[in-house]
Amino acid sequence: MWPWLERIASACWDRVRRYALTRRDEEDGSGSGSGGDADDLLLWSRDLVRHAAGEFSFAVVQANDVLEDHSQVETGAAATFIGVYDGHGGAEASRFISNHLAAHLVRIIWKGTLYLANLGDSRAVVGCLTGSNKIVAEQLTRDHNASMEEVRQELRSLHPDDSQIVVLKNGVWRIKGIIQGIARRLVKAALKEAARKREMKYNDIKKLEKGVRRFFHDDITILGSTCSCLHFNFPNFDTTSVDDFSFSPGSGIANGSLQITLSTGNITNQSGRVCYTRETLRLWDSKKRTVASFRTEFVPNILPNQQQNETGEGLAFILTSNLSSPRGSSGQWLGIANEQTDGSPANRIVAVEFDTRKSYDEDLDSNHVGLDVNGIRSVVQYPLSNAWPIDLSRYLSEEIYVGFAGSTGEFTELNQIKSWKFITAGDFDSKAARQEWTGHR
């Protein structure tokens, strides 16, 4: 096995819990029971269960006398394994695969990357949220179905002595005479489409008994999952990094660094923000059942103006929903707030400031670190080595950006970030992730 795949697999197999065997007849003590549908007794589902990287839901509708589908979700500290197995003419094969963790359709989420493999008439689909707040479906795997000419040719070439390897029966291509065949919404949508093709109503489909129902649609199993992990590592920054960030006017990338404030020309009384925008951080869910934890390391480079005897104003690591610097946020405001908005809960920003100028009486000195909530009046100020526990969900939106803000005043400095690493706590729990983070094996 490839070393990278071995690390993924080991993280999966060292699971916390087998979350779901999505059959009603499974009694494994793992809490796999699920809710039925009041209108359709052959449909059942479970909504929004936590896994290592986010949440999942599933829905199953039975058509055969014996449900052929098996599926499962397994989770470890740093990876999630998802499998869906179609029995094709019986449940024995799918049950065997499920019990032995082989995959008919496999998805592994590892460090925010989705790895997929599929065989047979199975498909993985991702839903992407567009700017108009609509979900667009994108197919991730290539279908392997006997209805496709290229697949039939492949089967015939693999079985040259079997003239009946694929047959056309009742207008449907079959292999050896066997038909190939959020989650609750997808299942119901599939059932409505099956009813439409038969010129029936969905309510009429629901009245059919299992076995009879088999002639209208196959067993259907859908497992949907979300991932709330965030993990990136920039040893330095160059032109290939530009698309990963948003930049306020005057910010950018130069000399291998993120330039938080203007670095050339007139750099007095400037403010800026640079945020990572390839993904957002899912800080907490709407039901506030969990709050994410994360670890970040970055190398700031604050260069005072050698032609001035003082410096200013400072740099900050920020968690925010707003990518833009407020108007009038130069000088003592550090690109975080301005005179009118300082301290307002509407700012929805938490910052760790590296303040290089004593701007008001409460500042410790002209070289300190502070924790700021919705403004520049630090909640606490400590030496750099200190850490502060804080429930960020009290102050921030559910989905946030991570980045940096900074400012200059009459006294100036260059505010740069030379490198940056970020990882959510669940990812960091794995040995492989810790080794990558620290550089030690």
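**Exercise 1. In which loop is Arg 348 found? Then classify its exposure.**

Step 1. Arg 348 is found in the loop between E21 and strand E22 (349–355). Strands (E, at least two residues) are DSSP runs, numbered from the N terminus.

Step 2. The phi of Arg 348 is near 50 degrees, a positive value in a residue other than glycine. Most residues other than glycine have a negative phi.

Step 3. Arg 348 has 29% relative accessibility, so it counts as partly exposed. Buried means under 20% relative accessible area, exposed over 50%, partly exposed in between (1.4 Å probe, protein chains only).

The model is predicted: local features need pLDDT of at least 70, side-chain atom pairs count only at pLDDT 80 or more, and totals for chains, interfaces and linings use all residues. Residues are numbered from 1 along each chain as its sequence is written, and side-chain values use heavy atoms, leaving out hydrogens and water.

**Exercise 2. Is Asn 374 buried or exposed?**

Step 1. Locate Asn 374 in the loop between strand E23 (368–373) and E24.

Step 2. Check its phi: about 60 degrees, positive although Asn 374 is not a glycine.

Step 3. The relative accessible area of Asn 374 is 6%, so Asn 374 is buried.

**Exercise 3. Which strands stand at the edges of the open sheet?**

Step 1. Write the order of the 7 strands: E16-E19-E25-E21-E22-E23-E24, with antiparallel pairing. Two strands pair if DSSP finds at least two bridges between them.

Step 2. E16 (245–247) and E24 (380–382) are at the edges; each has a single partner strand, so one side of each lacks a neighbour in the sheet.

Step 3. Take E16: it pairs with strand E19 (residues 271–282) over 3 bridges, in the antiparallel sense. Ser 246 has Cys 275 in E19 as its bridge partner.

Key:
Helix = DSSP H or I, 4+ residues; strand = E, 2+ residues; numbered from the N terminus.
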